[in-house]
Amino acid sequence: MKVRFIERDGGVCVADAPVGSTLLDIGQAYGQPLEGTCDGQMACATCHVIVDAADFDRLPTASEEEEDMLDLAYATTRTSRLSCQIVLTEAMDGLTVRIP
């Protein structure tokens, strides 16, 4: 499957992603500036991404814990998510996210 990262400078990175991987792992593998300081344990917000509005409803709803962590993230929007909490499925093929 493919995932599109819209970089801070407007560039686009299209990544090949195996089903079952996290968006954080794919972003890091493709050199995106997603720190993931807590190694995906949802104890920080350094893997914050903004999901394209057209794709947002394809994702499972964020947990209350994820919503709490997003309160600490920089430049959040209605479609903000933690990339460590997005486990990729075939239904998410073509997902587009922006790096804030």
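## Sheet, salt bridges and a pocket

Five strands make up an open sheet here, ordered β2-β1-β5-β3-β4, and the pairing is mixed. β2 and β4 sit at the edges with a single partner strand each, so one side of each has no neighbour in the sheet. On average, neighbouring strands of this sheet are turned by 35° against each other, direction ignored. Keep in mind that this is a predicted model. Beyond the sheet, there are three salt bridges in the whole structure, and the largest pocket comes in at about 180 Å³.

**The β1-β2 end of the sheet**

- β1 and β2 run antiparallel, and five bridges join them.
- The two strands form a hairpin with five residues between them.
- G10 lies in that turn and has a positive phi of about 95°.
- If you want a register marker, take R4, whose bridge partner in β2 is V14.
- Side chains along β2 alternate: C13 and A15 point to one face and are buried, whereas V12, V14 and D16 point to the other face and are not buried.

**The β3-β4 end of the sheet**

- β3 covers residues 48-51 and pairs with β4 in the antiparallel sense, over three bridges.
- Here the register marker is I50, which stands opposite S80 in β4.

**Salt bridge D16-K2: hairpin strands**

- D16 and K2 meet through their side chains in a salt bridge, at 2.3 Å from N to O.
- This pair links distant parts of the chain, with D16 in strand β2 (residues 12-16) and K2 in strand β1 (residues 2-6), 14 residues apart.
- D16 counts as partly exposed because its relative accessibility is 42%.
- K2 gets the label partly exposed too, with a relative accessibility of 40%.
- D16 is also one of the β2 residues whose side chains point to the face that is not buried.

**Salt bridge R81-E66: strand to helix**

- The side chains of R81 and E66 form another salt bridge, 2.8 Å from N to O.
- This one also connects distant parts of the chain: R81 is in strand β4 (residues 80-82), E66 is in helix α2 (residues 64-70), and they are 15 residues apart.
- β4, the strand that carries R81, is one of the two edge strands of the sheet.
- R81 is buried because its relative accessible area is 3%, under the 20% cut-off.
- E66 is buried as well, with a relative accessible area of 1%.

**Salt bridge R58-D55: a mixed pair**

- R58 pairs with D55 in a salt bridge whose closest N and O atoms are 2.9 Å apart.
- R58 counts as partly exposed, at 30% relative accessibility.
- D55, on the other hand, counts as buried at 9% relative accessibility.

**The largest pocket**

- The volume of the largest pocket is about 180 Å³.
- Its lining includes R8, P33, L34 and E35, along with A45, T46, C47 and H48.
- A73, Y74, I99 and P100 also line this pocket.
- By residue class, the lining divides into eight nonpolar, two polar and two charged residues.
- H48 is among the lining residues, and residue 48 also belongs to strand β3 (residues 48-51).

Key. Residues numbered from 1 in each chain as written. Predicted model: local features only at pLDDT ≥ 70, side-chain atom pairs only at ≥ 80, totals over all residues. Heavy atoms only, no water. Salt bridge = Lys/Arg side-chain N within 4 Å of Asp/Glu carboxyl O. Helix = DSSP H or I, 4+ residues; strand = E, 2+ residues; numbered from the N terminus. Buried < 20%, exposed > 50% of the residue type's maximum accessible area, 1.4 Å probe, protein only. 1 Å grid on protein atoms, 1.4 Å probe; cavity = no way out; pocket = protein on both sides within 12 Å on 5 of 7 lines; lining within 4 Å. Points joined across faces, edges and corners; volume = space filled by probe spheres on them. Nonpolar A, V, L, I, M, F, W, Y, C, P; charged D, E, K, R; others polar. Pairing = 2+ DSSP bridges. Axes fitted to C-alpha atoms, helices over the stretch in contact; angles between N-to-C directions.
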